[in-house]
Amino acid sequence: RSTGGWIAHAVARRFEDLGVVADAVVLLDSLVPNQLKEAQVTAAHQMLTDGNDVWLDDLRLIAMGAYLGMFSDWRPEPITAPTLLVRAGDSYAQPGQSGNLRTTWSLADTVLDVPGNHYTMLDAPHAESTAEAVDSWLTALRME
């Protein structure tokens, strides 16, 4: 999920360089690196908003800082593995803010929108619909 999708994509690319193609890569609301600056303020706001079940602790901050450092100059390269971007239906735009910033991944073969925002798409009540979207896509992929 999120910048963790960068790792998933980079690992799939590295495996392909070694001659192994993944069966599939699933990215959960992973922003392309050049979208990150636009989304950071809103993402931070969502993480800190009252009523949001997202926790912010030292481990999450350390991981985010490490990902941003490791991937500061990285740009995803095409991969052979079928790639799904599961995108949160809600925009990154804050209430009262114009625009409809949503994740994009030009290298994705399929984009599926699910209910919720970047954080709530994996929480109740939206986790089930997110899981169903991924499961349906993987099932269809296996049938091809």
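How many bridges join strand E1 to strand E2, and do the two run parallel or antiparallel? There are 4 bridges between E1 (residues 25–28) and E2, and the two strands run parallel. The views below take you through this predicted model, one small region at a time.

**Figure 1. The whole chain is built from helices and strands.**
Let's start with an overview. The protein chain has 4 helices and 3 strands, and reading along the sequence gives the pattern α-β-α-α-β-β-α. Of its 144 residues, 35% count as buried. About 8,300 Å² of the chain is exposed, and carbon and sulfur atoms supply 56% of that area. Now look at contacts between residues with a separation of 6 or more: 78% of these come from residues 24 or more positions apart.

**Figure 2. Strand E2 pairs with E1 and with E3.**
Find strand E2, which covers residues 83–88. E1 is joined to E2 by 4 bridges, and one pair to look for is Leu28 with its bridge partner in E2, Val86. E2 is also joined to strand E3 (residues 110–114), this time by 5 bridges, and these two strands run parallel as well. Here Arg87 stands opposite Asp113 in E3.

**Figure 3. Strand E2 is mostly covered.**
Are the residues of E2 buried or exposed? The count is 6 of 6 buried. In a regular strand, side chains alternate between the two faces of the sheet. You can follow this along E2: Thr83, Leu85 and Arg87 point one way, while Leu84, Val86 and Ala88 point the other way. The residues of both sets are buried.

**Figure 4. Thr83 sits in strand E2 with many neighbours in contact.**
Thr83 belongs to strand E2. Thr83 counts as buried because its relative accessibility is 1%, and the cut-off for buried is under 20%. A polar atom of the Thr83 side chain lies 3.1 Å from the backbone oxygen of Ala81. Setting aside neighbours within four places in sequence, Thr83 is in contact with several residues, including Val25, Leu27, Leu107 and Trp137. Also among its contacts are Ala108, Asp109 and Thr110.

**Figure 5. Arg87 and Asp113 form a salt bridge between two strands.**
Side chains of opposite charge can pair when their charged atoms come close. What is the distance between the closest N and O atoms of Asp113 and Arg87? It is 2.7 Å, and the two residues form a salt bridge. This pair links distant parts of the chain, with Asp113 in strand E3 and Arg87 in strand E2, 26 residues apart. Arg87 counts as buried because its relative accessibility is 18%. Asp113 has a relative accessible area of 44%, so it is partly exposed.

**Figure 6. Arg13, Glu16 and Asp17 share one salt-bridge network.**
How many salt bridges are there by this rule? The count comes to 3. Two further pairs to find both involve Arg13. The side chains of Arg13 and Glu16 meet in a salt bridge at 3.8 Å, N to O. Both residues lie in helix H1 (residues 4–17), 3 residues apart, which is about one turn of the helix. Asp17 also forms a salt bridge with Arg13, and here the closest N and O atoms are 2.9 Å apart. Asp17 and Arg13 are separated by about one helical turn because they are 4 residues apart in H1. Glu16 is buried, with a relative accessible area of 12%, whereas Asp17 is partly exposed at 49%.

**Figure 7. Asp29 and His118 meet through their side chains.**
Asp29 is found in the loop between E1 and helix H2 (36–48). His118 is found in the loop between E3 and helix H4 (127–143). Which side chain of opposite charge is nearest to Asp29? It is Arg87, 6.3 Å away, and Asp29 is buried yet has no salt bridge. Asp29 does have polar company: one polar atom of its side chain lies 3.0 Å from the backbone nitrogen of Ala88. The Asp29 side chain also makes a polar contact with the side chain of His118, at 2.6 Å. His118 counts as buried because its relative accessibility is 5%. To finish, locate Asp90: His118 and Asp90 are 28 residues apart in sequence and 7.7 Å apart in space, C-alpha to C-alpha.

How values were computed:
Residues numbered from 1 in each chain as written. Predicted model: local features only at pLDDT ≥ 70, side-chain atom pairs only at ≥ 80, totals over all residues. Heavy atoms only, no water. Buried < 20%, exposed > 50% of the residue type's maximum accessible area, 1.4 Å probe, protein only. Pairing = 2+ DSSP bridges. Contact = heavy atoms within 4.5 Å. Areas by Shrake-Rupley, 256 points an atom, 1.4 Å probe, with all protein chains shown as cover. Salt bridge = Lys/Arg side-chain N within 4 Å of Asp/Glu carboxyl O. Lys, Arg positive; Asp, Glu negative; His and termini not counted. Polar contact = N/O pair within 3.5 Å; in protein donor to acceptor, adjacent residues only side chain to side chain.
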